[in-house]
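Please look at the sequence and the structure together before reading on. The paragraphs below go from strand pairing to the chain fold and then to the contacts between chains.

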Amino acid sequence: MSTARLAWVGAGAGCLVLLALASVAFGNREISLHELIAALAGDANGVGQAAVAARVPRTVLALLVGAALALSGATMQAVTRNPLADPGILGVSSGAALAVVIGIAFFGLSDPYGYIGVATLGAAVAAVFVYAVGSLGRGGATPLKLALAGAATSAALSSLVSAVLLPRVDILTTFQFWQIGGVGGAEWDRIGVVAPFLLAGAVIVVLSGRGLNTLALGDDLAAGLGTQVRRTRLIAALGAVLLCGAATAVAGPIGFVGLVIPHLCRLVVGSDQRWLLPFTAIAGAGLLVAADVLGRVVARPEEIEVGIVTALIGAPFFIWIVRRQKVRAL
Amino acid sequence: MTLTHQLVADEITLAYGDRLVVDELALEVAPGRITAIVGANGCGKSTLLRALARLLSPKSGQVVLDGVELNSRPTKEVARLIGLLPQSPIAPEGIVVADLVGRGRHPHQGLFARWSRADDEAVAAALDATGIADLADRSVDELSGGQRQRVWIAMALAQQTDILLLDEPTTFLDVAHQIEVLDLLADLNRARGTTIVMVLHDLNLASRYADEIVAVCRGRVHALGEPGVVVTAELVSEVFGLDSEVIADPLTGKPLVLPRGRHHVS
Amino acid sequence: MTATTLRAGRVHRRQRNALLIAGLCVALLGVVAVTLMVGNTFYSPDEVLRVLLGEQVPGASFTVGELRLPRVVLGMLAGLAFGMAGITFQTMLRNPLASPDIIGISTGASAAAVVGIVVLSLDETAVSFLALAGALVTATAIYGLSWRRGFAGARLILIGIGVAAMLHSVVSYVLTRAAAWDIQAALQWLAGSLNGASWERVAPLALATLVLAPLLVSRRRDLDALRLGDDAAAALGVRLRPTRLLLILAAVALIAFATAAAGPIAFVAFMAGPIAARITASGASLLVPAALVGALLVVAGDLVGQFALGTRYPVGVVTGLIGAPYLVYLLVRSNRSGASL
């Protein structure tokens with residue numbers, strides 16, 4: 001069993017390398033093979049080489065954000081024991097958006113690094129709030145309650161966003177710049193700002209894998225097995241929020257990666273968090289890079305942001321999961 | 001009052017999607033009597049009740065009421081003859097008892113008809129019969145589980161049907177309230193001759209209150225008849241897979257099932 | 001217990017409701033009157049009344065008759081439509097959060113309208129029609145996708161949320177590509193606004209309301225029975241499938257026409273029902289109170305948005321600002337009690 005899993009992880013990693021290469025090779029401008037090789041070897045003199053050099057940070061960012069979102073989704077699903085938990089469903093992106101808008105409009109926030117901190121904070125607050133509200137009452141955080149809490153909170157936050165934005169044409173474009181986000185405008189120093197957040201989140205999440213395994217059996221049983229339920233859940237959730245908050249902050253709202261990937265991965269490696277987490281990270285990174293390449297290639301010379309590509313792939317998947325569930329489980 | 005409404009399941013097959021639950025089951029509901037449907041979990045007893053209440057159409061066969069197929073009759077007309085208390089009905093927030101019971105008058109009211117004297121009388125009678133007249137103006141949210149169950153039964157009574165179907169009317173009630181609800185149903189049956197069909201979990205309570213026991217096993221009627229005849233150690237073993245001894249209840253003389261666990265084999 | 005004492009209690013509750021409805025009507029009329037009088041130029045009640053009676057009053061005839069009156073009528077009708085459609089969905093799905101703005105129907109209209117404004121550069125009328133089509137197509141898709149061996153409210157809500165998420169991404173994709181001018185127009189539309197109301201815009205909505213509102217009111221008993229759960233309603237003689245289909249069609253059509261005329265005025269469909277439920281006595285049908293509350297919210301919201309906040313806000317921003325905290329409150333309350341509406 002473990003060999004099979006190892007093989008899967010290996011195969012996933014292999015695919016990831018190929019996808020990363022594709023991401024560097026394909027784009028608006030066609031690039032020949034030796035231009036590519038030259039650029040990767042450090043030569044940045046030609047136009048082609050320059051294009052490649054610009055695509056490298058973009059690819060790295062897509063890898064990081066994809067892995068972060070997928071890890072965050074897998075952890076949230078385990079923490080809430082809810083198959084539909086996903087940073088996007090939990091209203092994280094609208095939380096980040098509102099925080100950024102308020103920052104720009106009332107606190108003169110303008111530097112891109114400031115955005116990241118503010119957005120992470122907004123995302124975290126929204127996620128915690130939605131989860132807290134969704135788990136009130138009978139049955140805890142059922143899929144229906146959580147999704148409704150998320151959708152309702154998102155709607156509420158977006159209406160606040162437009163209330164702030166509408167009379168202020170001046171900040172409209174600034175905000176639009178942030179919201180476009182995606183991974184297109186990646187630069188090394190922006191990556192540098194979020195990397196520590198992402199790393200911290202990933203370490204926390206991976207370390208809490210064993211605790212989450214027992215949590216899957218229900219709170220009472222987990223407590224019976226000696227897990228400190230509250231603490232495990234809180235720490236894991238903190239890691240998940242850090243991951244998705246930082247990812248949203250740097251790349252704008254990207255939905256459904258955190259939903260789709262853990263589900264697919266569970267089909268392949270089973271539900272043991274200790275295997276699931278690394279595999280979701282690889283697969284999530286792969287999906288986001290692939291979506292980014294797809295967005296660049298499909299609408300040439302235009303680009304479609306990854307967030308939109310993932311939503312168009314992810315929403316049908318979400319509907320499929322809902323249709324598979326028994327009504328009583330909702 | 002003589003009641004002759006005949007409710008018959010004629011070789012019905014019931015399924016949810018591809019999953020077959022009830023397989024060519026035949027049953028004649030005894031008019032004017034109390035029938036209890038018993039069986040193991042998942043044997044199809046609630047499904048059967050839903051079909052008798054026309055909530056589920058058979059894949060084959062038919063449910064016949066007084067010689068006419070149930071599904072071919074207008075549903076409001078059926079609602080004046082057959083009442084159903086589902087397993088978990090929902091009380092709208094803030095509604096008072098009298099209004100909730102009044103909802104049972106729905107099949108007697110037309111599209112624009114106003115609330116009539118007959119409606120009020122039916123609701124008052126239902127409240128009296130269930131002993132909750134003093135709760136009429138209370139909000140349903142404030143009531144205890146036992147009181148709530150009475151309110152729901154009162155709603156079904158206000159519907160003024162000759163046949164009353166109940167899906168596990170005693171679940172979530174403590175033992176005192178279980179007896180209270182079943183006594184109430186027995187009163188109704190005696191006073192008005194209402195035909196009662198109920199799904200019950202507890203074989204002993206079923207034996208005590210029912211005139212007829214229908215034991216369902218794997219989607220078919222396994223045994224049918226008076227409790228004293230039907231409820232035997234053999235039946236319990238076949239239907240529930242449980243080893244037991246059946247004695248005569250010292251209070252009622254009805255059968256009383258004493259399960260025999262692995263640790264109590266004498 | 002006698003039928004007479006029972007009747008007394010029921011009549012008492014009915015009178016309370018009649019009083020409530022009358023009160024809502026008076027409040028609505030009051031706000032409408034103020035809206036007609038107040039603006040850049042103030043017109044006295046007397047002048048307004050003369051305009052309404054068809055007299056020619058210099059200045060007032062145009063400002064009140066051609067600008068303010070269509071605006072306030074549009075607001076009333078849209079609010080009424082949103083309120084009724086919202087309570088229909090909330091009742092049928094037995095969830096106070098399952099209003100059309102949250103389960104994706106309004107998002108369908110929005111996505112279509114934004115495409116119309118930004119990509120196709122359509123004029124106002126064409127955008128309205130596109131929004132109408134968008135709402136209807138989305139509602140059909142959600143209903144179709146959620147049908148699996150029968151109907152389940154929970155599934156419909158969740159699938160609606162999924163569809164809404166997809167349509168949201170379409171909206172933001174289009175918006176990121178729009179010129180600043182178009183973005184403002186689109187944002188204005190997305191918030192919901194009564195600006196530029198004219199009799200031509202009011203007419204289709206008025207016609208739709210005239211047909212659909214009485215239709216819904218005539219089915220209010222079925223709607224009340226559905227609040228008890230599907231099985232209980234069926235046992236009471238409600239024909240579930242045709243009833244549900246009729247209710248959904250009527251509610252979606254109301255939403256679609258109202259959204260086409262005024263944009264998806266935020267949270268009116270969502271708020272009107274629960275507010276009506278709070279103030280109505282037990283057992284009464286919520287349709288008419290919810291419609292009146294909806295109308296009141298929109299008309300009063302527009303008045304506040306135009307004159308009370310310094311800048312002129314579209315009405316949707318005002319209702320959004322009221323609605324957001326109310327939504328959160330309702331979310332907490334309904335989850336805590338686990339109760340239905």
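How many bridges join strand β1 (residues 7–16) of chain B to strand β4 (residues 60–65) of chain B, and do they run parallel or antiparallel? Five bridges join β1(B) to β4(B), and the two strands run antiparallel, where strands are said to pair if DSSP finds at least two bridges between them. This is a predicted model, in which local features need pLDDT of at least 70 and side-chain atom pairs count only at pLDDT 80 or more, while totals for chains, interfaces and linings use all residues. Residues are numbered from 1 along each chain as its sequence is written, and chains are lettered from A, with ligands numbered from 1, in the order in which they are written.

Within the pairing just described, L7(B) has L65(B) of β4(B) as its bridge partner. Strand β1(B) is also joined by six bridges to strand β2 (residues 19–28) of chain B, again in an antiparallel arrangement, and here A9(B) is partnered by L27(B) of β2(B). The hairpin of β1(B) and β2(B) has two residues between the strands, and G17(B) takes a positive phi near 65° in it.

Chain B as a whole has nine helices and twelve strands, these being DSSP runs numbered from the N terminus, with helices (H or I) of at least four residues and strands (E) of at least two. Its radius of gyration is 19 Å, close to the 18 Å that the globule rule gives for 266 residues, so chain B is as compact as a globular protein of that length; the radius is taken over C-alpha atoms, and the rule is 2.2 Å times the number of residues to the power 0.38. The C-alpha trace of chain B spans about 65 × 40 × 35 Å along its principal axes. Among contacts in chain B between residues at least 6 apart in sequence, 65% join residues at least 24 apart, a contact requiring that the C-beta atoms of two residues, placed from the backbone, lie within 7 Å.

One residue illustrates such a link: T35(B) lies in strand β3 (residues 34–39) of chain B, and its C-alpha is 6.1 Å from that of I196(B), although the two are 161 residues apart in sequence. T35(B) is buried, with 21 other C-beta atoms within 10 Å; a residue is buried if 20 or more such atoms lie within that distance of its own C-beta, exposed if 12 or fewer, and partly exposed in between. Leaving aside neighbours within four places in sequence, the contacts of T35(B) include I196(B), V197(B) and A210(B).

Turning to the assembly, chains A and B do not touch, their nearest C-alpha atoms being 12 Å apart. Of the two pairs of chains that touch, A and C have the most contacts: 41 residues of chain A are in contact with 44 residues of chain C. On the side of chain A that touches chain C, α6(A) gives the most, with 15 residues, and the residues of that side divide into 29 nonpolar, nine polar and three charged. Here Ala, Val, Leu, Ile, Met, Phe, Trp, Tyr, Cys and Pro count as nonpolar, Asp, Glu, Lys and Arg as charged, and the others, Gly among them, as polar.

Chain C also meets chain B, with 28 residues of chain C in contact with 38 residues of chain B. The largest share of this side of chain C, five residues, comes from α1(C).
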